[in-house]
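Student: Please take a close look at one part for me: the loop residues. Then tie them to the rest of the fold.

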Amino acid sequence: ASNGNSPDTLRYFVAGDHTFTFVEKGPLWLVCASRCGDSYPDTVQMLDRIHLQITTLLTGGIERTLKNRPNYDMRGIMGGTDSVVNSLIRWCTQDMFLHVEGLEPLPLAPAARHLALSCLHEAKVPNVLGGWLMAGHQIIALVNSRQVRLHPLDISMIINIIMSSTSLRTAESWTPVCLPHVDNMNFGYAYISFVEDTDVVMVFISQGHDSEQFYAISQKANAMKEALRSGGVLEDVAEALCRTPINFRMDEFSTGQRVGASASNQQGTTSQSMPTFGATRSFASHHGDRSRGMLLAPAPSPYALLEGIIHAAYVNPKTQQYFSSAIAPSYRTRKQVKSLFRNYGRCRMLLRNAKMPSQVCVATDHECFYVSLSVDYQMFLAVPRGISTGVISRFYNWIKLQEAHLFMTEQMHW
């Protein structure tokens, strides 16, 4: 439809139970054929992120090439990228990623994150725009240069490349990547290296591309690996990965402690209470009673109401970070997971023209989906029908209690 001076553009059409959605990006057309019931705004958002991923791989120069040579066949330069795009689609449809513009930190004790951040900060190399430590899709620590702040979506596109390529695990990699929010017409270079025998990845984004720059970063990275190992950070991260995503419900493989139940029988040293995690390990870490071993801050018993949560997420728009909990065990089929996040999208669509702060609750046969949007935070909750509305304030208060553990609250720059 035309709006003002803009030309008519095909947005979507419906054929039977299929919806065909189109997004025009200059000479590129991105198309999605779906019968899953995804909302139009969410499908457009996903196609926009696929376009961003393509730009990260090829730079925006591909659009100039297509304008000058309309018959140019992109399949040659797109070869081998299927796994990257497919991985991005899974991330968009089975995670909070599509509904936020931010990074998901790995829940970690503040002292452990500070040590990781300090090790990264010490690895300063000229002409490096930024660097981060990650495990899975989650960020452990992040350092930006003072001249450029890396955009969370640019970082996410590089994370997706790393997570969809098994070959990057075997050796140090020096990979050309484009940062569309910094310069969409040129490549930078990503130094990528997995820490041996762990899921921890070190990433440095460099303006320089010569071999001297690679070796300078490599030397700093090797020194950082030793510092992370000797400081116990790698063990802290491994422990955190076993305990996340955080599960508000009693886990069938845990020690049996419920949210709000006393921890005194488990540890024999404290009467404070903590939520259970989606993990097989007990709450006591290999660091003993040191605060670095505490993945979360102790929570008082009123937080027992959180056990009824199917899924919860919290977004801080100012820091562009978010937390996403584990999904309740009875909702973990692929179809149910997609349906859960699709319902969040429908709630957001209902609020698209609402003034902030705004909130909406949508009920299905068995669940209620609650979304609250404001300048300071965004909150997403999926709960069984009939649960007390007090769960909303309880979850918000729990987030505030755990902020230092769930988010990267400390910043350092090169």
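Tutor: Start with accessibility: buried means under 20% relative accessible area, exposed over 50%, and partly exposed in between (1.4 Å probe, protein chains only). Asp197 is exposed, because its relative accessible area is 84%. The model is predicted, so local features need pLDDT of at least 70 and side-chain atom pairs pLDDT 80 or more, while totals for chains, interfaces and linings use all residues. Residues are numbered from 1 along each chain as its sequence is written, and side-chain values use heavy atoms, with hydrogens and water left out.

Asp197 sits in the loop between strand S7 (183-194) and S8. Helices (H or I, at least four residues) and strands (E, at least two) are DSSP runs, numbered from the N terminus. Its backbone stands out: phi of Asp197 is near 65°, a positive value in a residue other than glycine. Most residues other than glycine have a negative phi, and most peptide bonds are trans.

Thr59 also has a positive phi, about 70°, and is not a glycine. Thr59 belongs to the loop between H1 and helix H2 (61-68). Here the burial is the opposite: Thr59 counts as buried, because its relative accessibility is 6%.

Two loops hold cis peptide bonds. One runs from Thr244 to Pro245, with omega near 0°. Pro245 is in the loop between H8 and helix H9 (264-267). The other runs from Met356 to Pro357, again with omega near 0°. Pro357 is placed in the loop between H10 and strand S11 (358-363).

Gly26 occupies the loop between strand S2 (18-25) and S3. Its relative accessibility is 42%, so Gly26 counts as partly exposed. Gly26 and Arg64 are 38 residues apart in sequence, yet their C-alpha atoms are 9.0 Å apart.

Now a charged loop residue. Asp38 meets Arg342 in a salt bridge, N to O 3.2 Å; a salt bridge is a side-chain nitrogen of Lys or Arg within 4 Å of a carboxyl oxygen of Asp or Glu. Asp38 lies in the loop between strand S3 (28-34) and helix H1 (40-58), and Arg342 in helix H10 (residues 334-350), so the pair ties together parts 304 residues apart in sequence. Asp38 is partly exposed at 31% relative accessibility. Arg342 is buried at 13%. The structure holds nine salt bridges.

Another salt bridge joins Arg75 to Asp73, with the closest N and O atoms 2.8 Å apart. Arg75 is exposed at 66% relative accessibility, and Asp73 is partly exposed at 40%.

Helix H8 leads into the Pro245 loop. Within H8, Arg243 forms a salt bridge with Glu239, closest N and O atoms 3.1 Å apart. The two are four residues apart, about one turn of the helix. Both Arg243 and Glu239 are buried. An α-helix has 3.6 residues a turn, so residues three or four places apart point the same way. The buried residues of H8 (233-243) include Val233, Leu234, Asp236 and Val237. The buried residues of H8 pack against helix H5 (110-122), strand S4 (128-135), strand S5 (138-144), strand S8 (200-206) and helix H7 (211-230).

S8 also starts where the loop of Asp197 ends. Ile162 touches Val201 and Val203 there, and its partners also include Met134, Ile192 and Phe194, not counting residues up to four places away in sequence. Contact means heavy atoms within 4.5 Å. Ile162 is one of the five residues, with Trp132, Ile139, Ile205 and Tyr344, that touch the most other members of the largest nonpolar core, which has 67 residues. A nonpolar core is a set of buried Ala, Val, Leu, Ile, Met, Phe, Trp, Tyr and Cys residues joined through side-chain atoms within 4.5 Å. Apart from that core lies another of 51 residues, among them Val200, Leu228, Phe323 and Tyr370.

Finally, the whole chain. The secondary structure comes to 11 helices and 13 strands. Of the 414 residues, 51% count as buried. Among contacts between residues at least 6 apart in sequence, 64% join residues at least 24 apart.
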